[in-house]
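Please open the model in your viewer and keep the sequence panel beside it, since the tour below moves from one selection to the next.

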Amino acid sequence: MKLKLIILIGSLLLLGGCTQETQNKLSRSIQNWTGTNGVLEVYAGDKLVKKFIKIDKISTALGTDDGSSRPYRYGYGYNDKNFNGKRDADEHRVYFEFSDYSTSYIFYEDK
């Protein structure tokens, strides 16, 4: 019991000493291993205008040459065209992007 407590406290101290970005990367690596089933809903005012389901992760774009973060996120998911939360036969897996800025912006592939 003491060994488990020592390991837990040590892990928490190590994690607490990491930067936020390092903690995020660690969290994403665990999330990538375990998998998720995310949903992204995009609203225009109070109206739902786009919905993606079965998203395994959303990533921050990085510059090719400088490796710095870009102001948008991207991922892959199913375009839920009828907003029913289920993957129907005509709904395909697509790539999408959305901006970090307050402007409502989304880029997506629609098959």
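The stops that follow go from the whole chain to its core, its aromatic rings, its charged pairs and its backbone.

**The whole chain**

Begin with a cartoon of the whole protein chain, and keep in mind throughout that this is a predicted model. The chain contains two helices and six strands, and if you trace the cartoon from the N terminus, the elements follow one another in the order α-α-β-β-β-β-β-β. Switching to a surface view, you are looking at about 8,400 Å² of exposed area, of which carbon and sulfur atoms supply 56%. Of the 111 residues in the chain, 20% count as buried. As for how the chain folds back on itself, among contacts with a separation of 6 or more, 32% are between residues that stand 24 or more positions apart.

**The nonpolar core**

Now hide the surface and select Leu40, Val42, Phe52, Ile55, Val94, Phe96 and Phe98, showing their side chains as sticks; these seven residues make up the largest nonpolar core. Colouring the selection by strand is useful here, as β1 (38-44), β2 (47-55) and β5 (93-99) each supply at least two residues of this core. Which strand gives the largest share of the core? That strand is β5, with three residues.

Stay with β5 and select the whole strand, which is mostly covered, six of its seven residues being buried. Next add β4 to the selection and display the backbone, where β4 and β5 run antiparallel and are joined by seven bridges. To find your place in this pairing, centre on Phe96 in β5 and look across to Gly75, which stands opposite.

**The aromatic rings**

With these two strands still on screen, show the side chains of Phe, Tyr and Trp; the structure holds four aromatic pairs. Select Tyr74 and Tyr95, whose rings form a tilted pair with 6.0 Å from centre to centre and 35 degrees between the planes. This pair links distant parts of the chain, with Tyr74 in strand β4 (residues 69-79) and Tyr95 in strand β5, 21 residues apart. The two rings fall into separate accessibility classes, since Tyr74 is partly exposed at 27% relative accessibility, whereas Tyr95, at 19%, counts as buried; the cut-off for buried is under 20%.

Moving along to Phe96 and Phe98, you meet a stacked pair, for which the centres are 6.4 Å apart and the planes make an angle of 20 degrees. Both Phe96 and Phe98 are buried. Add Phe52 to the selection, and you have the three members of one aromatic cluster, Phe52, Phe96 and Phe98.

**The charged pairs**

Clear the aromatic selection and turn to the charged side chains, of which the model has two salt bridges. For one of them, select Lys51 and Glu41, where the closest N and O atoms are 3.7 Å apart. Because Lys51 lies in strand β2 and Glu41 in strand β1, this pair ties together parts that are ten residues apart in sequence. Is Lys51 buried or partly exposed? Lys51 counts as buried, with a relative accessibility of 11%, while its partner Glu41 is partly exposed at 35%.

For the other salt bridge, select Asp66 and Arg70, whose closest N and O atoms lie 3.6 Å apart. Here Asp66 is exposed, with a relative accessible area of 52%, and Arg70 is partly exposed, with 32%.

**Two backbone stops**

Finish with the backbone torsions. Most residues other than glycine have a negative phi, and the two selections below are worth checking against that background. Select Lys54, which has a positive phi of about 55 degrees although it is not a glycine; Lys54 sits in strand β2 and is partly exposed at 45% relative accessibility. Then select Phe83, another residue that is not a glycine and yet has a positive phi of about 55 degrees. Phe83 is found in the loop between β4 and β5, where, at 34% relative accessibility, Phe83 counts as partly exposed.

Note on methods
Residues are numbered from 1 along each chain as its sequence is written. This is a predicted model: local features need pLDDT of at least 70, side-chain atom pairs count only at pLDDT 80 or more; totals for chains, interfaces and linings use all residues. Side-chain values use heavy atoms; hydrogens and water are left out. A nonpolar core is a set of buried Ala, Val, Leu, Ile, Met, Phe, Trp, Tyr and Cys residues joined through side-chain atoms within 4.5 Å. Buried means under 20% relative accessible area, exposed over 50%, partly exposed in between (1.4 Å probe, protein chains only). Helices (H or I, at least four residues) and strands (E, at least two) are DSSP runs, numbered from the N terminus. A salt bridge is a side-chain nitrogen of Lys or Arg within 4 Å of a carboxyl oxygen of Asp or Glu. Contact means heavy atoms within 4.5 Å. Accessible areas come from the Shrake-Rupley method with a 1.4 Å probe; for residues, only the protein chains shown count as cover. Rings of Phe, Tyr and Trp (its six-membered ring) pair if their centres lie within 6.5 Å; planes under 30 degrees apart count as stacked, over 60 as edge-to-face and the rest as tilted. Two strands pair if DSSP finds at least two bridges between them.
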